[in-house]
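Here is a short tour of how the ligands are held in a model you may want to inspect atom by atom. Please have a look at the sequence and structure first.

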Amino acid sequence: MTKITLRHDWTAEDVLVIHDKPLMDLLYEAQTVHRAHHENNTIQLASLLSIKTGGCPEDCGYCPQSAHHAKETGLKKEPLMPVNDVLTSAQKAKDAGASRFCMGAAWRQVKDGPGFDQVLEMVRGVDSLGMESCVTLGMLNQDQADRLKKAGLTAYNHNLDTSPEFYSHIISTRTFQERLDTLDCVRKAGITICSGGIIGMGESNYDRARMLQILANLDPHPESVPINALVAVPGTPLASRPPVDSIEMVRMIATARIIMPRSRVRLSAGRKCFPKEAQILCLMAGANSIFYGEKLLTTGNNDADEDIALIREAGLKVAV
Ligand code: SAM
Ligand code: DTB
Ligand code: SF4
C-alpha cells in the first residue's frame, strides 16, 4: 500500500476541501490512509484522571473547572491528589486494559515547588507501571519541560482548542501564541506532543480546518491528536450550545487522519452522546484511541463495559 509523504505546508483551504468531501469519499480516503500507516483493527485505551480539580484562574468558556464559572457550576475545588492515590488509580486503569494514563491539573501554568515535584513523582510512578504517561498542566517553560522528560514523561497534552481567529471568543486570559510556545518547549524537551481541540463551540468549518491546518503544519506532527466534542456543562458560558452532530465528529477525525497520517487520533470527550454506530464510524474514519473509564476529568464518560462490548463486536484488538 502506498504511504503518503508527510506534509507540513497545508493551507486552511486545502484542509477544508478534504473536510467537505462527499462523506463516502472522505471515509474511504481516511480508511486507506489509516491502513497504510497503522496496524488495522487496533485501538489504544487511555484513562484520564483529574489530579487537581477546579479553581482554575483561566476563563475558558467550555470548562467547568474555571474559577470564573465556579458560582454557576458549583464545582468544588480540590487540592492536588496524593501520589499514592494517583498510582492506585493508574494501576486500576492498567488492570482494566488501559496502556496510557493521562493526568490533568486545573492550572494556568506549572509553578516550580512541591506541587510540581509531586507531579514528577506521579510521572515516575506511572512510568514504572509500564504505561505511557501523559500530563496536562497548562503552560510550562523549557526547564519544566526538561524536568518532565527526565522523569520519564511520554506525552504532554496542550490543546489548541480552536482556530486563532475564534480563540478570543472562548478564552481571554491567555493567547493562542502562548499555547504554541508551550508546545515548542515540549517538543524541544523531546516529549511527544498531544494536541487537538474541541468542536461544537459555535466555530465555523473554516475554523475547524484552520485548527487542523496549524496542527498539521507543526513539524513533526503531534504524535497524538485528541478531537473533543463539547461537553456542554451547566453553568459554563457554553452550556446552551446544541449537541454536536456525530457526523461532524466523523468528518473532523477523517480530516485529521488524512493530513496527519502517522498520528494517533483520539476520539475524546463527548462520544457518550453518540450512538454506537457513530462511534464505529469515527473509528473507521481513523480514530485509533479512546478515553476509557467512567470519568473524563469532571464529567462522565462511556461505561467501560459498554466500550469492551463495542471493541469485541467490532473485532478490535486493544493496544498494549
Ligand atoms: N488546564 C490545562 C489546559 O487547559 O491546558 C489542562 C486541563 S484542560 C481541562 C484540558 C483540555 O480539556 C482543554 O484544553 C480542552 O480541550 C478540554 N476540555 C475541557 N473542558 C471540556 C469540555 N467541556 N468539553 C470538551 N473538552 C473539554
Ligand atoms: C483532551 O483533549 N480531552 C480531555 C484531556 N485532553 C485532558 C479532557 C476532556 C475534559 C472534558 C470535560 C471534563 O470532564 O471536565
Ligand atoms: Fe483551566 Fe484548562 Fe479549564 Fe482552561 S481548560 S479553565 S486552563 S483547567
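The text below goes through the ligands one by one.

This is a predicted model, in which local features need pLDDT of at least 70 and side-chain atom pairs count only at pLDDT 80 or more, while totals for chains, interfaces and linings use all residues. Residues are numbered from 1 along each chain as its sequence is written, chains are lettered from A and ligands numbered from 1 in the order in which they are written, and side-chain values use heavy atoms, with hydrogens and water left out.

Let's begin with ligand 1. It has 16 residues around it, of which Tyr62, Thr136, Asn159, Asp161 and Val231 come nearest; a residue is near a molecule if one of its heavy atoms lies within 4 Å of it. This shell divides into nine nonpolar, five polar and two charged residues. Here Ala, Val, Leu, Ile, Met, Phe, Trp, Tyr, Cys and Pro count as nonpolar, Asp, Glu, Lys and Arg as charged, and the others, Gly among them, as polar.

The table lists polar contacts of ligands 1 and 2, a polar contact being a pair of N or O atoms within 3.5 Å.

| Ligand atom | Protein partner | Distance |
|---|---|---|
| Ligand 1, nitrogen | Tyr62, backbone N or O | 3.0 Å |
| Ligand 1, nitrogen | Ala105, polar backbone atom | 3.3 Å |
| Ligand 1, oxygen | Arg179, side-chain N or O | 3.2 Å |
| Ligand 2, nitrogen | Asn157, side-chain N or O | 3.5 Å |
| Ligand 2, oxygen | Asn159, polar side-chain atom | 2.8 Å |
| Ligand 2, oxygen | Leu297, polar backbone atom | 3.0 Å |

How much of ligand 2 does the protein bury? Taken alone, ligand 2 exposes 410 Å², and the protein buries 88% of that (areas by the Shrake-Rupley method with a 1.4 Å probe). Ligand 2 has 13 residues around it, and Asn159, Asn228, Leu297, Thr298 and Thr299 come nearest. By class, its shell holds seven nonpolar and six polar residues, with no charged ones.

Now to ligand 3, which is surrounded by Cys56, Glu58, Cys60, Tyr62, Cys63, Ser66, Ala106 and Arg174. Five of these shell residues are nonpolar, one is polar and two are charged. Are Cys60 and Cys63 buried or exposed? Cys60 counts as buried because its relative accessible area is 8%, and Cys63 is buried too, at 19%; buried means under 20% relative accessible area, exposed over 50%, and partly exposed in between (1.4 Å probe, protein chains only). As for disulfides, a search of the whole structure finds zero, a disulfide being a pair of cysteine sulfur atoms within 2.5 Å.

Technical notes:
A polar contact is a pair of N or O atoms within 3.5 Å; within protein, one must be able to donate a hydrogen and the other to accept it, and residues adjacent in sequence count only if both atoms are side-chain atoms.
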